Amino acid sequence: MDKPIPSRWHLNTIVRHLRTLCVICGQLDAGHSKPQPGSAPTHAVAPRRTSHILTDGMLSAAPGALGVLALPATVFVASVAAGRLLRHLVHTSAAASSAAATPSEPRNGLPKRYSNLEELEADAQPLLTPQAYGYYSGGSDNEWTLAENKAALGRYRLLPRVLVDVSTVDMSTTLLGQRLASPILFAPMAQQRLCHPDGELAMARAAAASGLPYILSTMATSSIQEVAEAVAAAPEGGWPCDPTLWFQIYVLKRRDVTEMMIQEVERLGYKALIVTVDAPRLGHREADDKSKYSLPPHLSMKAGLGAGWWGGVARPVAGLDGSNLELITKAAATTEGVATDGSKFGRHFSDLFDQRLTWEFLPWLKQASKLPVLLKGVLSPDDARKAVELGADGIIISNHGGRQLNYSPAAVDMLPAIAEAVQGAVPLLVDGGITRGTDVIKCLALGASAVLVGRPLLWALTLGGQKGVEEALALLHYELELSMALLGCPSVDQITRDYVIQPPGYPLDIPAARRPTCYLSLAALGGNLFGVTSWLLGLDGGRLAESSRLDVLVPVGGFRRCLDAQNGEENISVVVAPIREGFTLQRMGSPEEAAQRFLETTVAPEGSGRTARLLGAGSRRDASGQLYYWQEFTVQSDAFNRHNLSVYSARNGLLYTLNAQCPEERWAADEPAFRRAAESFTILNSGVATAGFPDRL
């Protein structure tokens, strides 16, 4: 009797089963395959898709043949799959035992030579699961802002200067009182163990080896203490400074818990707090929604209080025990049993952090911590000015890597306006799309003290662990040093707006800033010697000055003010006067250029009967990064011979000038006090101060 010919439905069913079994076999083979020497391990690799061995075209084969072969083929493939499954289970068990006894060999450096950081992402993507890659690479909504960050940087042009000695190029800078190898910081990035088993520990060690601060995220997969210990144990790098750790913090709904986190950070030696202020909720990240992103079960977010221990001593919080402290910092990763149509991580983020946060938190935070506080996520000049008024020690201009409000402007486009708004009161940092040395230069020229780099370092971590990050950073440093030489700018401090050309249509049409009214009253009848501040206010043809009148003149204790040009008595005075937002010290050129122009146009102009000699000029920054210019000169006439030392700086729309002067014959006696006052002259949030003189403005 002839065997029945199977229907097409039966054939489709058989083929579907065969395909499934073949895919299983292929995945087991992929899991068994050993990486070639030099290749990346597969701990974070997404399962490899196996091509279908059976295609629909095979259904055109003789039905009788398929009917005869279908059952034996199915049995054969099933037996092969079962055998491979058994071997896979044995292999997995042995591997797990081996891994428990011997740690896996970490990746050691980038797998090949790269020309630039933009090439890293393509090689890193296959090493990450689709969920992890989408979480790192994605932006909000249609990702317009994510793309705009890079596009905006490309619109600015650099204007080189020629015949400049660039035999030595100095990339180092000072930020918050610490000398850094370069103006490049590690941006705070969450959950770095998705990239590499060492995660934040590898990244922090790489920063320490490179002489740069590492900013640990609240959403890290390594604890505050683990990172501090890793950096402390790291071998000394090539830069002569102590490794520096900063901590990025979200303000929790429980302020008492937030305060305890701050205390733990301070105890472990972190040097600054970065408060993210642009994320009352997570932006609509479509990649995360589609993948229902959540932290894998073998990882947890540890950057909170761990088990709530400070140096081994438990400190209770009302309503929370030690385990709850750990749970509250891990809540955004706790996704078991959560029903949501989108990102489980986003759902818990909103539950964890304070969505009612307002400006009142900043004075509270300044009282709660002794550390410098920088606000991250500021884009409005008004917000930047208000942050300074309330005591912020720095501002990070950022749109969260294009991951929050879509169609918000690129950070670099808002940098010039914010620089004008704060007038050097605090250091400005900027992030977003920075992958090239020329990107760094553009940001510095537009008013930034430093930049933050994020995703490229994550791709480097994925590809090569700590050494991979070090190599990526070395590549960026190479680009920065070379670009500075080609620009004709041998040091970071000399990079000003004179080196950058803004795109057509710039500056942007930003809503008018609400500047506070300055109600300074006239406190003295007179001016400083030959109108130092009057001259400064009249720079650039007076276009930047509101007035050449001195609004405030206050003597510093122990010295009398100079009442007029004929008074030769010793004097130290501080003058404060309003200036327009466009006024910056850098706009005056170098300190030497500004001082020489001052002597030629104001102190001893042609036909005045006076002669002047410049003895020195330069610049310095205080611990907060505030920029000061200084100049020393003598001026002679038939009636007098005087020695002058002055320091000036701009902040919050005001120009502060310290003037020290006396007859030349008195200089030797008065010089120590004058130099002490000039070198310690500092603008504070409450006014100004000089060493040895308690009076403040």
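**View A. Lys366 and its salt bridge to Asp393.** Lys366 is partly exposed at 27% relative accessibility (partly exposed lies between buried, under 20% relative accessible area, and exposed, over 50%, with a 1.4 Å probe and protein chains only). Its partner, Asp393, is buried, with a relative accessible area of 17%. The two side chains meet in a salt bridge of 2.5 Å, N to O (a side-chain nitrogen of Lys or Arg within 4 Å of a carboxyl oxygen of Asp or Glu). Lys366 belongs to helix 12, while Asp393 sits in the loop between helix 13 (381–389) and strand 11 (394–397), 27 residues apart. Helices (H or I, at least four residues) and strands (E, at least two) are DSSP runs, numbered from the N terminus. Please keep in mind that this is a predicted model, in which local features need pLDDT of at least 70 and side-chain atom pairs count only at pLDDT 80 or more, whereas totals for chains, interfaces and linings use all residues. Residues are numbered from 1 along each chain as its sequence is written, and side-chain values use heavy atoms, with hydrogens and water left out.

**View B. Glu360 and Arg255, another of the 18 salt bridges found in the whole structure.** Here the closest N and O atoms of Glu360 and Arg255 are 2.8 Å apart. The pair links distant parts of the chain, 105 residues apart: Arg255 in helix 8 (residues 255–267), and Glu360 in the loop between helix 11 (344–352) and helix 12 (361–368). Both ends are partly exposed, Glu360 at 43% and Arg255 at 21%.

**View C. Arg436 and Glu479 in a salt-bridge network.** The side chains of Arg436 and Glu479 come together at 3.4 Å, N to O. Arg436 lies in the loop between strand 12 (428–431) and helix 15 (437–445) and Glu479 in helix 16 (residues 455–487), so their salt bridge ties together parts that are 43 residues apart in sequence. Arg436 is partly exposed at 27%, but Glu479 is buried at 10%. Through shared partners, salt bridges join these two residues with Glu118, Lys150 and Asp439 into one network.

**View D. Strand 10 and its two parallel neighbours.** Why is strand 10 (residues 373–378) described as largely enclosed by the rest of the structure? Because 6 of its 6 residues are buried. Strand 7 (residues 272–276) pairs with strand 10 over 4 bridges (pairing takes at least two DSSP bridges), and Leu273 stands opposite Val373. Strand 11 is also joined to strand 10 by 4 bridges, with Leu375 opposite Ile395.
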